[in-house]
Structures are given as structure tokens and as C-alpha cells.
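Take a look at the protein below. How do its helices meet, and where is space left between its atoms?

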Amino acid sequence: MAQRQYFGTDGIRGHVGETPITAEFALRLGNAAGRVLMQGTQRTVLIGKDTRLSGYMLEAGLQAGLIAAGANAQLLGPIPTPGVAHLVRQTGACAGIVISASHNPHHDNGFKFFSAAGEKLADSVEAAIEAALADSFCNALPDQLGKASRMLDAGARYLDFCRASVPADFRLHGMRVVLDCAHGATYKLAPQLFASLGAEVHCIGVAPDGLNINQECGSMHPQALQAALQEYRADIGIAFDGDGDRVMLVDATGELLDGDDLLHILGSVWKQSGRLRGPVVGTLMTNYALEKRLCEYGIAFERANVGDRFVHERLIALGGNLGGEASGHILCLDRAGTGDAMVSALQVLEAIQSSCRSAADWRAALPRFPQRTINVRIERGARPLAAASVQAERERIERWLHGRGRVVLRASGTEPVVRVTVEAERIEEVELLASGLAEAVSSAAR
């Protein structure tokens with residue numbers, strides 16, 4: 001497939017004010033997307049966003065472009081990315097667009113797309129939108145223009161969906177919870193959700209000003225939550241990222257539980273209850289300790305390329321319902337069709353509650369293998385991973401580590417770097433093996 005100009009692994013993203021994150025491009029993108037995504041008489045495209053100041057500008061551009069193409073634009077306002085995916089399915093819209101750069105700072109923004117099924121667009125559809133961008137701007141006839149409207153109860157509908165993801169009798173009475181909403185899309189809805197389930201809720205990161213999204217808070221910066229947890233003497237802390245598709249937890253002792261910990265909890269509890277289907281799917285960067293521990297439980301484990309999109313594709317192919325990344329993208333496909341931080345947090349709390357073990361106990365049950373990643377800078381165009389010397393060194397290390405660790409060699413898709421990662425039981429071994437393999441890659445690249 002030819003390399004695309006705008007779409008990456010998770011929509012379109014960039015720096016505000018620079019193509020493609022400009023008002024002009026948003027106008028053209030809305031127009032192109034409208035032409036591609038409309039399906040017969042179904043012409044409505046939902047538009048959600050996070051709390052970035054630039055969202056107003058980009059929302060207006062998308063809206064105008066869609067209407068000019070003959071599509072209807074329905075505005076949802078600030079809402080988590082998975083909320084848009086849900087509402088597309090619920091309303092029968094032909095597509096959804098989210099204006100967000102996820103965990104990035106405010107000066108970045110982007111466009112994420114969902115199909116009528118509430119899933120990421122197929123490569124072929126993204127390619128069709130890029131092709132339409134290259135065509136002339138389309139102005140429908142005056143009597144065929146689209147309309148704009150606003151869904152005033154979008155947040156309430158999404159909250160109903162989140163509550164329905166746990167049993168009707170699930171409650172958090174007696175639990176003191178601290179939420180870090182990253183000054184992002186969950187800032188209103190997450191506190192409402194957890195309070196409605198009976199928790200005593202304390203919040204940080206709930207005062208967005210358009211510029212402070214993800215700023216020293218949220219799932220990318222859990223130190224703020226760890227400090228707040230101690231201040232409020234809470235039982236659990238939950239950190240979301242700016243658009244509400246990543247989640248991290250902090251236990252009562254102040255220790256962090258990342259995506260690997262959450263998959264460990266869910267995989268174990270779901271296996272015992274019979275809920276788990278298929279293998280658990282992680283990524284190339286999932287810690288080897290999780291793979292080994294799940295194997296001990298009799299749970300198959302598969303790895304996909306880095307990115308929740310690839311985890312989702314692998315789960316669908318294998319008939320699985322649980323996967324994710326250490327970064328906090330957790331996919332519970334029997335409850336939500338995409339990574340959903342609020343739904344995932346509820347699934348983890350339900351699992352912890354039913355297991356009669358604390359979050360701290362679960363964290364202690366998954367000691368990590370030491371990991372070392374070395375970024376080897378190479379000349380553009382160099383292909384050291386194809387070198388026989390590199391492959392021989394890799395095979396030697398894999399034989400040495402058999403059953404005790406693993407090796408990952410991965411060329412960066414965004415910069416001239418090869419990432420050399422080694423995991424093993426002893427840190428001294430990790431450092432020695434990673435350094436040797438990195439030197440082999442560097443030599444082959446010269």
C-alpha cells in the first residue's frame with residue numbers, strides 16, 4: 001500500500017498552525033471526509049473534541065466542510081474519544097470525528113475517525129479520504145447542503161453506556177477515589193460516573209483552560225495523582241489522559257499500576273469467571289513478566305505491533321475480548337468497541353472487588369522483568385536489521401535467554417533510529433546484552 005501523506009497509525013496529528021492542523025485543512029478534510037463517509041440517506045457525522053483551545057477552530061472548519069459536501073454535522077462538544085465511538089453506533093450516524101491529540105500537550109491537535117460501526121477506519125477508507133483531499137473542493141447544490149445541530153445530551157448518553165458496562169448492583173460505597181482527569185475530555189463526566197456509583201470522589205485536573213490539558217497531570221504524569229492520593233488518604237487513584245482512552249491506577253500505598261498490571265488483573269479474574277475469550281493481546285513492548293504470568297494461569301498471550309489499533313485488529317482476528325498496552329490503552333471488547341478509559345477503570349475495579357484482593361496485592365503479584373531500551377541512531381536509508389551480523393547476535397541472545405527474557409529490535413517509524421530492547425530477570429544481564437546488541441546494530445549501520 002502506498003505511503004499516505006496525512007494519516008498515521010491513529011488518525012491525523014500535528015502542531016497547531018502547521019499543515020495539517022490548520023483551519024483551512026480542517027475545512028478541506030471535512031469536505032473530503034463527507035464525500036467518502038456518507039452512506040446513502042445516512043449523512044450525519046458526529047464531531048466530538050477534547051478541551052484544547054484549538055478545538056474551536058478545527059471544529060468550525062470540519063463542520064463547514066461537511067455541510068458543503070452535503071453531510072450533516074452533529075456537534076457533541078467536549079467528550080471522551082470512546083464516547084464518540086459509542087454514540088456513532090447508538091445513533092446510526094455514518095461516522096464520527098474526534099478533534100484531539102490524546103496525551104500530547106495543547107499545542108498539538110489532530111483528527112481521529114470512527115466508522116459507522118464505531119471502529120477505527122479501514123486503511124482503504126483512509127486512503128479514499130486522502131484521494132478526495134487531492135480533488136477539488138465540493139459544493140453541493142443549494143438544496144442539497146447539509147445541516148448542523150448539537151446533541152445536548154451526549155454526555156448523559158455516554159454515562160449511561162459506562163454504567164451499563166458493570167452489573168446493575170455494582171457499587172463503590174465506602175471507597176475513597178481520587179480522579180486525575182488531565183484537564184481533558186473526562187473532566188465533567190468521570191466525577192459524575194464514580195459519584196453515581198457511591199464512591200467518595202476527590203478530583204484533580206478538572207479545570208481546563210484550553211492550554212493546560214495533560215500539563216504535568218493525567219496518565220502521562222501520574223506523580224500528581226500519587227501526591228493527591230496521599231493528601232486525601234484515598235483507597236485508589238485513577239488517571240486518564242486528555243481524550244479519555246488511556247487509564248492508569250495508583251494503589252493505596254501510592255504505587256502505580258500501568259496497563260500491564262491492569263491486563264494481569266482482568267485476565268486472571270476473567271479466566272476464573274469464564275468471561276475471558278481467546279488470548280490476551282499485548283504489544284511488542286508488553287513486559288515479559290505479564291506473558292509469563294498469564295501462561296502460568298493457562299492463558300494464551302499474543303503480541304501485536306505497538307498501537308491500540310493493531311491490538312484491536314489482532315483481538316478481532318483471534319476472537320479475543322481483552323488486550324492493551326502498558327501505556328494504559330485497555331480494550332475490553334465485550335463491553336466497548338474501542339479503548340475506553342472510564343469503562344476499563346470500572347472493569348478493573350469490579351475485578352478487584354470480586355477477587356477480594358487489594359490493588360496493592362495485585363501489583364505485588366506482577367514483579368517486572370528489568371528492561372533496557374537503547375536508541376541507536378542510523379543514517380536515513382540504512383537497514384541494519386537486515387544484516388546477517390545483527391540477526392546472528394539476536395539469535396545468540398534469544399538462545400541464551402530462552403524462557404527467561406526476550407529481545408525486541410524495532411525501527412522507528414518517525415525518526416532514523418533503531419530501538420534495541422532487552423528484558424531478562426537480572427539487570428546486569430539486561431545491560432550487558434542490550435549494549436552488545438546495540439553495538440552490532442550500530443556497526444551494521446556504518
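The paragraphs below go through helix contacts, then empty spaces, then two details of the backbone. Keep in mind that this is a predicted model.

Start with helix H5, which covers residues 154-163. One partner of H5 is helix H11, made of residues 341-355. The two pack at an angle of about 25 degrees, and their axes lie 9 Å apart. Angles under 35 degrees count as roughly parallel. H5 and H11 are therefore roughly parallel to each other. From H5, the contact is made by Tyr158, Leu159, Phe161 and Cys162. From H11 come Met342, Val343 and Leu346. What classes of residue are in this contact of H5 with H11? There are seven nonpolar residues, no polar ones and no charged ones. H5 passes H11 in a right-handed crossing.

Now find helix H3, residues 81-91. The axes of H3 and H5 come within 10 Å and cross at roughly 90 degrees. That angle makes H3 roughly perpendicular to H5. H3 brings Pro82, Gly83, His86, Leu87, Arg89, Gln90 and Thr91 to the contact. H5 answers with Ala154, Arg157, Tyr158 and Phe161. This contact of H3 with H5 is mixed in class: five nonpolar, four polar and two charged residues. Look again at Tyr158 and Phe161 of H5. They take part in the contact with H11, and they also take part in the contact with H3.

Next come the empty spaces. Rolling a probe the size of a water molecule over the atoms shows where empty space is left. Begin with the second largest pocket, which holds about 230 Å³ of space. Its lining has 13 residues. Leu76, Pro78, Gly155, Lys188 and Leu189 lie nearest the centre of this pocket. Which elements supply the lining of the second largest pocket? Strand S3 (72-78), H5 and helix H6 (189-196) each give at least two residues. S3 gives the most, with three. By class, the lining of this pocket has nine nonpolar, three polar and one charged residues.

Cavities are the closed spaces. How many cavities of 30 Å³ or more are there? The count comes to three. About 50 Å³ of space lies in the largest cavity. The residues that line the largest cavity are Glu119, Lys120, Asp308, Arg309, His312, Leu331, Gly337 and Thr338. Helix H10, residues 308-318, gives the most to this lining, with three residues. Four residues of the lining are charged, three are polar and one is nonpolar.

The second largest cavity has about 40 Å³ of space. Thr9, Asp10, Gly11, Lys112, Phe113, Lys120, Leu121, Glu126 and Arg309 line the second largest cavity. They divide into two nonpolar, two polar and five charged residues. Lys120 and Arg309 deserve a second look. Both line the largest cavity, and both line the second largest cavity.

Finish with the backbone. A cis peptide bond joins Thr19 and Pro20, with omega of about 15 degrees. Where is Pro20 found? Pro20 is in the loop between strand S1 (12-15) and helix H1 (23-37). The other detail is at Ser102. Phi of Ser102 is near 55 degrees, a positive value in a residue other than glycine. Ser102 has its place in the loop between strand S4 (95-99) and strand S5 (108-114).

Key
Residues are numbered from 1 along each chain as its sequence is written. This is a predicted model: local features need pLDDT of at least 70, side-chain atom pairs count only at pLDDT 80 or more; totals for chains, interfaces and linings use all residues. Side-chain values use heavy atoms; hydrogens and water are left out. Axes are lines fitted to C-alpha atoms, for helices over the stretch in contact, and angles run from 0 to 180 degrees between N-to-C directions. Helices (H or I, at least four residues) and strands (E, at least two) are DSSP runs, numbered from the N terminus. Angles under 35 degrees count as roughly parallel, over 145 as roughly antiparallel, 65 to 115 as roughly perpendicular and the rest as oblique. A crossing is left-handed if the near helix is turned anticlockwise from the far one by less than a right angle, and right-handed if clockwise. Contact means heavy atoms within 4.5 Å. Ala, Val, Leu, Ile, Met, Phe, Trp, Tyr, Cys and Pro count as nonpolar, Asp, Glu, Lys and Arg as charged, and the others, Gly among them, as polar. On a 1 Å grid over the protein atoms alone, a cavity is a set of points where a 1.4 Å probe fits but cannot get out, and a pocket is an open set with protein on both sides within 12 Å along at least five of seven lines; lining residues have an atom within 4 Å of a point. Grid points are joined across faces, edges and corners, and a volume is the space filled by probe spheres set on the points.
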